[in-house]
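Here's a quick tour of the fold, the backbone oddities and the chain contact. Keep the viewer open while you read.

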Amino acid sequence: MLLAVGGEDPVPWPGTQAPDDAELNEQIEDALGLNELERAEEYLEAWEKGEDAEHIFVQQEWIDDGFWDLDRLFQFGDALFGHEFRADDGYGHEGKPVPMQRVHEGRRGGLDTFSCAGCHFVGGADGAGTIAQNALLLGDGEHLDSAVVRNPPAVIGLGPVQALATEMTTDLQLLRDGAVMAADESGQAQTVQMLSKGVEFGRLTVSAEGQLDTSELEGVDADLVVKPFGWKGNIPNLRRAVEDAARVHFGIQSHVLALEHQANPDPEALGRGPDWFDPDEDGRARELEEGILTAAAVYLAMLESPQIIPPHDPGLRDRWANGSALFDEIGCNDCHRRELPMLNAIWREYSDTTEGPPVEFNLLSDGEHPKSGNRVQLFSDLKRHDMGPELADPFEVSQDSIPAGVFLTRPLWGLAESPPYLHDGRAATIPEAIAAHGGEAEASRDAFTALSIDDRADLHVFLLSLSRVPRLRVPQ
Amino acid sequence: MTAGNTRGSRGAWTLALGLTLGGCGDLDGANAGFISRDTAQPLGTLSRARPADDREQALTALAEDAWRREHRFLDAVDPGYLFRSTRVRQVEIDAGLWNAEELYQLGGQLFSLHFSAAVGMGGGDQPAIRRFHEGRRGGPDATRCVSCHWRGGLVGAGDAADNAMLRGDGNRESSTIPRNPPALIGAGVVQRLAEEMSIELRTLQNEALAFSAQADYALRLPITAKGVDFGFITVHPDGEVEHHELQGVDSDLIIKPFGWKGTIPNIRDAAEDALLIHHGMQSETLVIVGDESRVGPFGGDDPDGDGVVEEILEGQVTALTLFLAMQELPQEQPPEDSHLLTLWARGRRDFETLGCADCHTPSLVLDDPAYILPHRYGGSALRVDLSTEGVEPRVQPDAETGEYTIRLYSDLKRHDMGEALTERRGEAGVEAATFITPPLWGLARSRPYLHDGRAATIEEAILLHGGEAARARDRFASLSEVDRAPLRIFLTSLTRARRLVTQ
């Protein structure tokens with residue numbers, strides 16, 4: 001048996017170095033400080049009911065006026081993530097908030113739990129969810145087999161992911177605009193290879209008349225917007241992801257959604273109430289202010305990024321290195337791109353309805369550490385791929401008509417701390433997840449299966465190094 | 001390489017039984033020479049040690065986390081390594097090869113382990129995952145115990161999203177009984193209290209029977225345990241006992257403190273059932289008992305027909321049971337702010353005057369903190385003194401009286417909770433509206449509340465009480481907002497010891 005080093009040491013550090021005193025003390029202080037704050041807030045809420053709700057009440061106008069600094073916005077976002085929504089907040093709809101409804105009813109959603117933290121805890125704060133926490137989306141409100149099953153992904157590192165997607169969108173749209181201009185100038189049809197950050201998205205043809213032929217695009221919608229969130233890659237940014245999650249899991253409707261509903265009613269998703277400002281008829285309007293959407297997006301974007309933490313044992317380290325090489329050799333890297341370059345680390349969070357300046361910060365330095373760095377080791381191409389019939393959803397789910405077997409390449413960073421795997425959490429282990437790949441990944445899957453037992457183990461070791469740093473905390 | 005189905009370990013088990021029969025009849029230290037440790041090993045990923053010093057505590061947590069990662073790598077190069085490290089055989093325990101600390105670690109490793117089909121998760125006739133249970137067979141609906149026992153810390157509570165959807169038809173949500181995973185800390189002491197209460201009730205009945213037989217007349221007497229009133233029994237000189245006036249306990253007079261309905265008498269039964277219904281991991285004992293409705297229709301040594309036998313060894317059940325029994329006790333931490341503290345003190349009185357304390361009995365006195373785990377196959381029982389061997393903070397004798405006062409906030413008795421909380425059907429002879437009083441200790445760290453987790457806040461939970469609790473509920477509901485605050489503050493002080501962790 002290959003044994004890890006550490007032996008009889010009372011405080012062994014097989015995975016990493018023991019933190020030095022200053023770093024350790026800071027970690028302890030942070031953890032205890034946060035705990036003290038959370039306990040104090042808990043007592044405040046007990047004392048004066050409604051305190052919790054105040055911690056998530058943020059008007060966009062206050063942000064526009066520069067009333068809050070980044071730290072404060074982060075705290076608001078953090079409060080939202082932990083907030084237990086309740087009837088007073090507008091939880092549920094039509095006065096029928098309990099008991100839970102796990103099988104969602106169409107696009108309206110269900111009632112899964114009370115807080116974001118309720119399903120994002122595996123591997124640490126802002127982590128992933130278990131299979132028990134799988135969301136059962138777009139069903140008939142009753143039958144398990146009517147729903148599509150979605151495992152809650154970890155929500156760290158999302159700032160760089162959105163930044164990359166935005167840059168890729170810009171690249172693709174510039175290519176399109178260039179082709180349109182060229183077609184216009186030359187009077188001839190133009191076909192361009194769509195390429196961003198080394199990822200190919202098929203071809204786009206512009207006719208002499210300026211008509212777009214998007215039929216040869218690959219892995220991206222016709223609008224050329226790279227949508228990095230949701231298992232199908234159908235949500236463009238964190239604001240919309242937070243808004244959608246609050247709506248379908250808690251029946252909490254943002255004011256921005258209500259405003260849209262006023263202009264373009266969407267009763268199927270929001271409800272049939274007579275008043276546009278309270279479509280779910282629970283007597284509560286403005287359930288989520290626009291400002292808290294901004295704070296939540298800023299919070300998520302400022303969270304730590306996953307890190308690669310190799311084994312410490314020299315024997316295991318060799319196997320890790322071999323596994324890393326195998327990852328490229330058998331073609332995992334074709335879709336699970338090791339890294340994508342982030343050119344612009346300045347985050348700008350714009351509001352939806354006001355004219356205020358965006359909230360600006362630097363993804364490489366502001367907020368929680370560790371950061372992703374410019375070379376974001378994401379292990380994804382942020383492109384959609386066909387995963388074959390075995391992994392396909394029971395039916396097509398997206399309004400964007402993404403085929404049932406097509407999913408966005410799941411970023412693998414943080415993999416070790418986010419089991420179980422695949423969109424419905426069906427794979428308990430990484431090898432099981434690899435073996436379940438099909439469609440465009442079939443060749444790589446077969447190459448994996450054909451590896452020797454030792455090589456498969458080495459690849460597994462490598463994938464287990466895709467992790468996140470241990471962080472001290474007091475459980476809440 | 002596949003763990004769990006090693007027929008070799010069955011061979012070892014048989015050999016050990018042979019020793020029992022052919023040898024001295026009881027396996028104890030004298031036979032230790034014949035038995036050696038098999039594949040189980042403590043990995044240093046968790047321990048009972050929880051230093052009081054913050055810095056030491058942090059280093060312990062980080063070291064445990066570091067070991068967890070390194071052993072996970074080892075599991076990749078040697079598939080099944082983590083599972084095998086939990087495979088302790090009962091004969092090894094009987095031979096005294098493992099001490100309490102080591103058994104705690106082995107049990108904890110099992111509690112954190114990822115089950116998979118390779119080690120016997122699920123059944124041959126079940127889908128890999130079945131979120132809504134089908135009958136008593138269960139799901140499976142989770143890959144690890146910690147999946148649903150995490151909130152507030154190790155072996156904590158589950159979120160509303162973690163609710164088990166029990167005994168349905170496997171597909172319709174409305175066919176299931178949703179149950180929120182409770183925090184399991186303090187379970188050892190809870191079981192001890194229940195055992196002492198059961199003995200007290202049984203002793204009362206026996207003494208009454210003896211008296212009745214001697215005096216030759218029937219006797220109707222109130223029956224109580226640790227000051228909790230369980231109604232009346234009537235005994236007859238011929239040995240007949242009438243139980244129809246009993247309240248909140250079965251006619252066997254055994255207090256069953258586990259399960260929301262109070263139907264499971266001890267930790268071992270609860271853990272064994274949870275392994276079965278949530279993971280499809282079948283213990284040796286359940287396989288031997290062979291109830292098809294629970295273990296599946298295939299019979300023999302693989303009744304769930306998944307090709308894996310001996311999914312959970314008796315020794316693993318023992319280790320898991322002791323791990324749970326040795327857990328820390330919840331703590332009361334009043335607020336530090338002087339104004340809040342004044343309100344807290346008032347809330348503590350309100351808890352009594354409003355009538356909450358009528359069922360949520362603030363404290364019960366434990367006579368003996370020794371947790372005894374009987375042997376199911378003829379060997380010696382295991383004994384763990386929870387006052388010295390449990391995880392800190394553990395049960396402590398009162399400095400003046402020497403008594404073990406357990407601030408549980410439960411009478412361990414079943415009560416009718418009224419229409420609003422009534423479930424779709426009863427269970428094990430317990431009415432659909434009847435539940436055991438859940439202990440309130442650790443309350444602040446175990447949200448959401450009530451049997452199906454429908455209450456996001458403590459106040460919502462109070463207001464949803466009905467039935468026998470209707471009067472207390474009404475008294476609280478009639479208070480002004482300002483006057484409700486003290487009780488909320490008091491209940492918020494029921495928490496767990498502060499602890500630095502990484503996971």
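## B:V235 and its surroundings

B:V235 is buried: 24 other C-beta atoms lie within 10 Å, and the cut-off for that label is 20 or more. The model is a predicted one, so take this as a computed picture. The residue belongs to strand β5 of chain B, which covers residues 228–235.

Who does B:V235 touch, once its neighbours within four places in sequence are left aside? The contacts are B:Q205, B:A208, B:L209, B:S212, B:A218, B:L219 and B:V241. For a sense of scale, try B:E332: B:V235 and B:E332 are 97 residues apart in sequence, and their C-alpha atoms are 42 Å apart in space.

## Chain B as a whole

Zooming out, chain B has 15 helices and 14 strands. Its radius of gyration is 24 Å, and the globule rule gives 23 Å for 503 residues, so chain B is as compact as a globular protein of that length. Along the principal axes, the C-alpha atoms of chain B fill a box of roughly 65 × 65 × 55 Å.

Buried residues account for 56% of the 503 residues in chain B. If you're thinking about contact order, take the contacts in chain B between residues at least 6 apart in sequence: 70% of them join residues at least 24 apart.

## A three-stranded sheet in chain B

Chain B has an open sheet of three strands, ordered β1-β2-β3, with mixed pairing. Which strands stand at the edges? They are β1 (132–134) and β3 (177–179) of chain B; each has a single partner strand, so one side of each is left without a neighbour in the sheet. On average, neighbouring strands of this sheet are turned by 30° against each other, with direction ignored.

Strand β2 of chain B (residues 164–168) pairs with β3(B) in the antiparallel sense, over three bridges. To find the register by eye, look for B:L166, which stands opposite B:I177 in β3(B).

## A strand pair and a helix in chain A

Over in chain A, strand β10 (residues 346–349) and β11(A) pair in the antiparallel sense over four bridges. One handle on that register is A:I346, whose bridge partner in β11(A) is A:N362. In a regular strand the side chains alternate between the two faces of the sheet. β11(A) has a covered face made of A:V359 and A:F361, while A:E360 and A:N362 make up the uncovered one.

Next, α9(A). At 1.5 Å a residue, the 13 residues of α9(A) should span 18 Å, and the end C-alpha atoms are 19 Å apart, which agrees. The helix is mostly covered, with 13 of its 13 residues buried.

## Backbone oddities in chain A

If you plan to check backbone torsions, here are some to visit. The peptide bond from A:H369 to A:P370 is cis, with omega near 0°. A:P370 sits in the loop between β11 (359–362) and β12 (375–376) of chain A. Another cis peptide bond joins A:P419 and A:P420, with omega about -5°; A:P420 lies in the loop between β14 (406–408) and α12 (430–435) of chain A.

Then there are the positive phi values. A:L138 is not a glycine, yet its phi is about 55°. This leucine is in the loop between β3 (135–137) and β4 (148–150) of chain A. Is A:L138 buried or exposed? A:L138 counts as buried, because 23 C-beta neighbours fall inside 10 Å. A:R286, also a residue other than glycine, has a positive phi near 50°. The place of A:R286 is the loop between α8 (267–270) and α9 (290–302) of chain A, and with 15 other C-beta atoms within 10 Å, A:R286 is partly exposed.

## Where the chains meet

How many residues are in contact between chain A and chain B? On the chain A side there are 67, and on the chain B side 64. Elements that each supply at least two residues of the side of chain A that touches chain B are α1 (21–47), β1 (101–105), α10 (314–329) and α14 (453–464) of chain A.

The largest share of that side comes from α1(A), with ten residues. By type, the residues of the side of chain A that touches chain B divide into 39 nonpolar, 14 polar and 14 charged.

How values were computed
Residues numbered from 1 in each chain as written. Chains lettered and ligands numbered in written order. Predicted model: local features only at pLDDT ≥ 70, side-chain atom pairs only at ≥ 80, totals over all residues. Buried ≥ 20, exposed ≤ 12 C-beta atoms within 10 Å, placed from the backbone. Contact = placed C-beta atoms within 7 Å. Pairing = 2+ DSSP bridges. Axes fitted to C-alpha atoms, helices over the stretch in contact; angles between N-to-C directions. Nonpolar A, V, L, I, M, F, W, Y, C, P; charged D, E, K, R; others polar. Rg over C-alpha atoms; globule rule 2.2 N^0.38 Å. Expected span 1.5 Å × (residues − 1).
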